[in-house]
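Visitor: I am new to this structure and would like a close look at one part of it, namely its cysteines, before being led on to whatever else is worth seeing. Please take your time over the answer.

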Amino acid sequence: MLKTLKLKSPSALGQSPLSLPLKPSVTIFVGPNNSGKSLLLNELTNFCQAGLIGDHTLILDRIHVNSVDRETAEADYEKIKRKAGIGEKINSGRFHVEINGRNILVNKTDCFLAREKPNEGDNIRYFSQYYLAPRTLSLNGQARMTLLNSSPMGDLKNPLTPMGKIFTDDLKREKWRNIIHDAFGLYPGIDATHGGKLSVRFGKTSPADERSLGDANINWMKAARSLNEVSDGVNAFTGMLLQIYAGDPEVILIDEPEAFLHPSLARMLGKELASAALTESKYVFVATHSAEFVMGAILSGADVNIIRLTYDNNNDVATARLLPSEELKQLMNDPMLRSVGVLSGLFFQNVIVTEGDSDRAFYQEINERLTAEGDSRAIPHALFLNAGNHQTIPSIITPLRKLGIPAAAIYDLDVIKLGKQEWKKNLELLRCQRLNMIAMKASEKLFLMR
């Protein structure tokens with residue numbers, strides 16, 4: 001359905017604006033605070049619901065979508081075309097369609113143009129209105145807390161709600177249930193024993209037979225916890241996976257999915273969302289501050305897009321850089337880099353690497369005091385990391401710079417005592433050619449003075 005995402009910002013000054021192909025997967029927006037992650041997610045939502053692009057947006061340029069031929073367009077709309085009701089009159093050239101339970105009155109000509117030539121002129125607006133909007137779900141923190149609200153049972157021969165669909169699909173329900181149990185030690189069950197509604201309850205054992213009204217199922221439902229008796233994290237995690245496995249939306253936008261979750265669960269959620277987006281053919285867009293969520297998505301094995309946004313308030317310059325998944329995997333697979341927390345650098349404007357943890361604490365405290373005083377010498381939005389020793393500093397700084405993250409090192413002065421070859425090697429690893437020449441001259445003087 002979606003073909004290409006194009007943003008207005010380049011990866012660096014003088015470069016072309018970022019453009020990348022889209023396919024069913026997860027696209028994750030990372031970056032420092034005030035870099036535009038949530039704003040871009042809102043602009044994507046407005047595009048999906050109303051086709052707003054160009055002058056209506058600050059970060060999003062446009063999304064190109066896939067076209068179909070007239071025969072396919074007509075066949076698709078015949079499937080969802082609704083007959084007029086008794087006494088209902090519909091003007092020539094207009095007809096009702098039913099998409100995900102919503103009745104929409106559409107113009108036939110515009111409807112077909114939106115499928116055949118969606119990227120021309122105003123057709124993208126019709127595509128969004130008639131086709132994309134009913135298939136889009138935007139999940140902020142408040143919306144995530146309503147995903148498991150009880151829903152009418154309806155006609156289970158043709159279920160329309162996510163809860164009804166997963167209730168009637170044993171394979172998906174079992175997969176969903178096992179994921180939730182692995183995360184929280186609780187088994188979700190669909191309760192159909194109360195007032196023609198479907199709701200979710202959580203038990204310590206798997207439901208006996210939740211699609212029956214036998215004593216075993218009724219007793220399990222009585223003993224299980226209601227939605228009000230579990231945490232917000234359980235609620236949101238379970239609801240998001242319910243939507244991706246059994247919901248109708250093909251496009252899902254989630255702002256800070258890691259909210260309410262322990263870091264290990266944020267990683268698990270990233271992994272499950274990335275895997276499910278691929279298997280269920282959904283486009284999932286996420287704005288996050290969680291390195292653990294990013295790590296889980298990459299380690300899922302799915303082809304994940306990770307875009308780092310930055311914005312320089314002083315110079316009014318924005319950037320958008322697609323981060324290579326392979327390089328991020330290297331960061332996560334290296335035990336030393338993982339233990340240091342290098343991936344957290346994705347969410348800061350600058351990274352400073354010191355030799356030891358006491359050095360890190362010392363320089364970080366200086367920077368925080370300078371920042372509190374409004375001193376221009378402070379480094380804004382900086383992450384301080386410790387490398388453990390001087391030999392590993394280049395191993396941390398090099399991959400960060402490859403990802404476009406400004407990174408600098410603070411060495412102890414006694415590194416000079418190790419000899420100029422050792423110092424030269426560190427500078428060469430950091431690719432500091434000009435600094436290397438200056439430092440060599442300075443170190444030669446120090447050695448001569450000794």
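Guide: The sulfur of C111 lies 17 Å from the closest cysteine sulfur, which belongs to C48, and that is too far for a bond. A disulfide is a covalent bond between the sulfur atoms of two cysteines. In this predicted model the number of disulfides is 0. Seen from the other side, C48 takes part in no disulfide either, since its nearest cysteine sulfur is that of C111, 17 Å away. Both residues can also be described by how much of them is accessible: C111 is buried, with a relative accessible area of 0%, and C48 counts as buried as well, at 2% relative accessibility.

From the cysteines we can turn to the helices, beginning with helix α7, which spans residues 170–184, and following it to two other helices that it meets. With helix α9, residues 232–246, helix α7 packs at an angle of about 155°, and the two axes are 11 Å apart. An angle over 145 degrees counts as roughly antiparallel, and α7 and α9 are therefore roughly antiparallel to each other. Their crossing is right-handed. On the α7 side the contact is made by K172, K175, W176, I179, I180, A183 and F184, while on the α9 side it is made by G233, V234, F237, T238, L241, L242 and Y245. Sorted by character, the residues of this contact between α7 and α9 comprise 10 nonpolar, 2 polar and 2 charged.

The other partner of α7 to look at is helix α10, which runs over residues 263–279, and here the axes come within 10 Å and cross at roughly 160°. By the reasoning used for the previous pair, α7 and α10 are therefore roughly antiparallel to each other, and α7 passes α10 in a right-handed crossing. In this contact I179, D182, A183 and F184 of α7 meet L265, M268 and E272 of α10, and the residues involved divide into 5 nonpolar, no polar and 2 charged. If you compare the lists, you will find I179, A183 and F184 of α7 named in the contact with α9 and named again in the contact with α10.

Just ahead of α10 in the chain there is a loop that deserves a pause, the one between β12 (251–255) and α10, where F260 has its place. The phi angle of F260 is near 75°, a positive value in a residue other than glycine. With a relative accessible area of 48%, F260 is partly exposed.

A comparable backbone feature appears at H381, which is not a glycine and yet has a positive phi of about 45°. H381 is found in the loop between α14 (357–372) and β17 (382–386). Its relative accessible area is 45%, and H381 is therefore described as partly exposed.

One further loop residue completes the tour, and this is I416, located in the loop between β18 (407–410) and α16 (420–429). At 14% relative accessibility I416 counts as buried. To place I416 within the whole, one can set it beside P257: the two residues are 159 residues apart along the chain, and their C-alpha atoms are separated by 47 Å.

Notes: Residues are numbered from 1 along each chain as its sequence is written. This is a predicted model: local features need pLDDT of at least 70, side-chain atom pairs count only at pLDDT 80 or more; totals for chains, interfaces and linings use all residues. Side-chain values use heavy atoms; hydrogens and water are left out. Axes are lines fitted to C-alpha atoms, for helices over the stretch in contact, and angles run from 0 to 180 degrees between N-to-C directions. Helices (H or I, at least four residues) and strands (E, at least two) are DSSP runs, numbered from the N terminus. Angles under 35 degrees count as roughly parallel, over 145 as roughly antiparallel, 65 to 115 as roughly perpendicular and the rest as oblique. A crossing is left-handed if the near helix is turned anticlockwise from the far one by less than a right angle, and right-handed if clockwise. Contact means heavy atoms within 4.5 Å. Ala, Val, Leu, Ile, Met, Phe, Trp, Tyr, Cys and Pro count as nonpolar, Asp, Glu, Lys and Arg as charged, and the others, Gly among them, as polar. A disulfide is a pair of cysteine sulfur atoms within 2.5 Å. Buried means under 20% relative accessible area, exposed over 50%, partly exposed in between (1.4 Å probe, protein chains only).
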